[in-house]
Amino acid sequence: EASSPDNPNEFQLINPPTDLISSVRFGPNSNQFLLTSSWDAHLRLYDVTSNTLRMKTNSGRPLLDCCFQDSVHAWSGGLDWHVRSYDLNTNTDVFRGTHEAPVKCIEHCPDVNVVISGSWDRTVRLWDTRFPDCAGTYPLPDKVYTMAVCGDKLIVGTAGRRVLIYELRNMSYVQQRRESSLKYQTRCIRCFPNQQGFVLSSIEGRVAVEYFDPSHAFKRKSMLLSAIGLKKAVE
């Protein structure tokens, strides 16, 4: 591994993507394997420990997201509107289905054993990993920009600063509808390790802490954090 001269704890992987990186995911059981998707249309699997490229496959169009299903299977979605699954051992992929616009997000929920794809066609779709066909399509009020899985909950951030919370075992209705407490477009949502809530970031360079329990709503106003301020505090 080649370490950075400025930071000995920073390592650069060989054979990096040749265009913008859209997603980076560590494996579900260890940090040995790293999955990346890129605008160069390739899905790559790296062995971080040995600094080797284990797999590289071309989807033909830029990929916008990827995720692990388990240690040997992965999924991706991108500008070709397609959802694909991959066998990382055999370096083969399977076309699973399509949206009606680019696929912006893809997540796996181990609690329910489904993969969820979110698209600019204003839908999320569920894919049962045991079967080849789409398990359900659910309309949204606007384009999907980000998603996160928290236990058996799905949190979706859309255009218009909307945040929708679903129960994946019953997608027939939205459990909670919220408006982002940040002023500008939602960029990313990630869940707490204890599954009590999530952190939301926006293009304005700020993050907000949100709780699933409405009784914690008062905390939201006091936990808007400036990313720039946090960086200065750490330094």
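This is a short tour of one four-stranded sheet and the nonpolar core beside it.

The model is predicted: local features need pLDDT of at least 70, side-chain atom pairs count only at pLDDT 80 or more, and totals for chains, interfaces and linings use all residues. Numbering starts from 1 along each chain as its sequence is written, and side-chain values use heavy atoms, with hydrogens and water left out.

**Stop 1: the sheet.** Select strands S11 (103-109), S12 (114-119), S13 (123-128) and S14 (134-139). Strands are DSSP runs of E, at least two residues long, numbered from the N terminus. They form an open antiparallel sheet in the order S11-S12-S13-S14. S11 and S14 are the edges; each has a single partner strand, so one side of each has no neighbour in the sheet. From one strand to the next, the twist averages 20°; axes are lines fitted to C-alpha atoms, and angles run from 0 to 180 degrees between N-to-C directions.

**Stop 2: the pairings.** Strands pair if DSSP finds at least two bridges between them. S11 and S12 share 6 bridges. Pick His108: its bridge partner in S12 is Val115. S12 and S13 share 5. Here Ser117 partners Arg125. S13 and S14 also run antiparallel, joined by 5 bridges, with Trp127 opposite Cys134.

**Stop 3: the turns.** Go to the hairpin of S12 and S13. It has 3 residues between the strands, and Arg122 takes a positive phi near 70°. The hairpin from S13 to S14 runs through 5 residues.

**Stop 4: S13 itself.** Colour by accessibility. 6 of the 6 residues in S13 are buried, meaning under 20% relative accessible area with a 1.4 Å probe, protein chains only. Thr123, Arg125 and Trp127 cover one side; Val124, Leu126 and Asp128 are on the other.

**Stop 5: the core.** Now show the largest nonpolar core, of 16 residues. Such a core is a set of buried Ala, Val, Leu, Ile, Met, Phe, Trp, Tyr and Cys residues joined through side-chain atoms within 4.5 Å. Ile116, Val124 and Met147 are among those with the most contacts inside it. Domain 1 (1-139) and domain 2 (142-234) both contribute residues, so the core lies between them. Those bounds come from an automatic or database assignment.

**Stop 6: Ile116.** Select its contacts, with heavy atoms within 4.5 Å. Among them are Cys105, Val124, Leu126, Met147 and Leu154, not counting residues up to four places away in sequence.

Methods:
Buried means under 20% relative accessible area, exposed over 50%, partly exposed in between (1.4 Å probe, protein chains only).
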